[in-house]
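Please read the following report alongside the sequence and the coordinates. It takes up strand pairing, one helix, charged pairs, cysteines and a surface patch in turn.

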Amino acid sequence: MSELIKRHNQVYAPVIGFDTRVEAAEAEGAWITDHEGERYLDFATGISVTNVGHRHPHVVAAVEDQLRKFWHAGGSFRYESMIRAAERIVDVTPEGIDKLFFMNSGAEAVEASVKMARYVTGRQGVIVFRGGFHGRTMGSVTFTTSKSKYRAHYHPLLPSVFVVPFPHPFHWGMTEDQAIDFCLGEIERTFRHVVTPGEVAAFLVEPMQGEGGYYPAGQRFLQRLRDIADEHGILLIHDEVQTGFGRTGDWFTSQVYRVTPDVLVLGKAIANGLPLSAVAARSELLDAWPAGSHGTTFGGNPVSCAAAAATVDVLTDLIPNVNKLSEHAFSRFHELQSAHPTIGDVRGLGLMIGVELVNADGKPDPDAYKHVRQYGLDNGLLILNCGPDGNIIRFIPPLIVSTEELDLGIDIIAAALRSYEQR
Ligand code: PLP
């Protein structure tokens, strides 16, 4: 055991898990280097955070500039970096989403969005989607149903939160259309048997489920949610904490699907790794939530905001390239799928790709994922998994990745699968 891990075990609570034993010493672009000088291609991106790569020079310059001025304001005064970041972000959000406020983490922003929805609609009900992930705080874990383990031992959770299914066609052995029809029917049945639509403040949905298994919602499903929300005066909240900032091929997945929510929750890649999150919405909603009804000490930190505005600058040049990289990655994974029975499904949008590993019976194979992850570590590739069974490769390279780096990562996964199938 390394000295650092021994020290970690002495002082650091085990509840916070780590996926690898890698000890990061420095990082640049798509690469992380450990204390021994071993280099790893970072296709984990800190869970879809470092979208413009580690230490992008434009972001570094913005952070250094702000650090020389001041780095905390805590509710006392307004400042340029906060307003500039807000302007840059609302510039790229879907039409009509024209105001925002900043928080620190995804979970906190999710909770704030639901507080706002309850306040402005005067309704209590929240409809969430099975397999969704929205965070770990007491409120956000109530909305999280990606794994029952995340909720175990914390009951009672928040009342008036209703869970309906999200289309999981591969797991259910259905076509996308069949899965969508089933889920839409369940919403109607929930309104008939469980809660009237007039009591529901919001639908809280990821346009592509992340932690729950990299399932895209499908355009028809998301559009129908928009229509049902409009019919009943329910707010549509898109949690784009993981899917935002270029990850799925446009600024936000709402734009990929051409479905504009009432509220957009943002986090993770927003400042490329400095802690920041945001709730963006139509201004009439945010204007109906009076000052002091919510608050924060650190939200909108000046340095994080400087990083966020610079990240948007960099993404403006990167996003037009994401779909080309995505097509390349998908075609390579589809080739691998025809050669490797271990790959049951390849799905996703942009550079957010789930590669589902299955056994000979077509059932989830978490051992296959563990093998690929270890083979990757031994050969210089960092990846993560997702899904309740831990058998789905969560393929999320940084958006600055070159085609050569993309191929290198996929070649390592291919070699790992060959060695798994020949064992
Ligand atoms: N929402 C989604 C869709 C996420 O993927 C996550 C984190 O993975 C969160 C919310 C919670 O974000 P945080 O970990 O910053 O609280």
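## Strand pairing and side-chain contacts

H238 stands opposite L264 in β11. The model is a predicted one, and in it strand β10 (residues 235–239) runs parallel to β11, the two being joined by 3 bridges. With strand β12 (residues 277–281), β11 pairs in the antiparallel sense over 4 bridges, and there A278 is the bridge partner of L266. Strand β11 itself (residues 263–266) is covered on both faces, since V263 and V265 on one side are buried, as are L264 and L266 on the other.

Helix α14 (residues 403–421) has 19 residues, which at 1.5 Å a residue should span 27 Å, and its end C-alpha atoms are indeed 27 Å apart. Buried residues in α14 include L406, I410, I413, L417 and Y420.

The structure holds 22 salt bridges, and three of the pairs are set out here with the distance between nitrogen and oxygen.

| Pair | N to O distance |
|---|---|
| R55 and E28 | 3.2 Å |
| E211 and K147 | 3.8 Å |
| R226 and D230 | 2.7 Å |

The side chains of R55 and E28 meet in a salt bridge; because R55 lies in the loop between α2 (45–48) and α3 (57–69) while E28 is in strand β1, this pair ties together parts that are 27 residues apart in sequence. E28 is partly exposed, at a relative accessible area of 49%.

E211 forms a salt bridge with K147, and since E211 lies in the loop between β8 (208–209) and β9 (215–216) and K147 in the loop between α6 (138–143) and β6 (161–164), the pair ties together parts that are 64 residues apart in sequence. E211 counts as buried at 11% relative accessibility, whereas K147 is partly exposed at 23%.

R226 and D230 are 4 residues apart in helix α9 (residues 219–232), which means that about one helical turn separates them. Salt bridges that share partners join R226, D230, D262, R282 and E284 into one network, and within it R226 is buried, with a relative accessible area of 10%.

A search of the whole structure finds 0 disulfides. The sulfur of C183 has its closest cysteine sulfur in C386, 18 Å away, which is too far for a bond. C183 is buried at 0% relative accessibility, and C386 is buried at a relative accessible area of 1%.

On the surface, V11, Y12, V15, I16 and F18 form a nonpolar patch with about 580 Å² of accessible area together. F18 lies in the loop between α1 (3–11) and β1 (24–28) and is exposed, with a relative accessible area of 55%.

Technical notes. Residues numbered from 1 in each chain as written. Predicted model: local features only at pLDDT ≥ 70, side-chain atom pairs only at ≥ 80, totals over all residues. Heavy atoms only, no water. Disulfide = S-S within 2.5 Å. Buried < 20%, exposed > 50% of the residue type's maximum accessible area, 1.4 Å probe, protein only. Patch = residues over 30% accessible without salt bridge, like charges linked within 9 Å, V, L, I, M, F, W, Y side chains within 5 Å. Areas by Shrake-Rupley, 256 points an atom, 1.4 Å probe, with all protein chains shown as cover. Salt bridge = Lys/Arg side-chain N within 4 Å of Asp/Glu carboxyl O. Pairing = 2+ DSSP bridges. Expected span 1.5 Å × (residues − 1).
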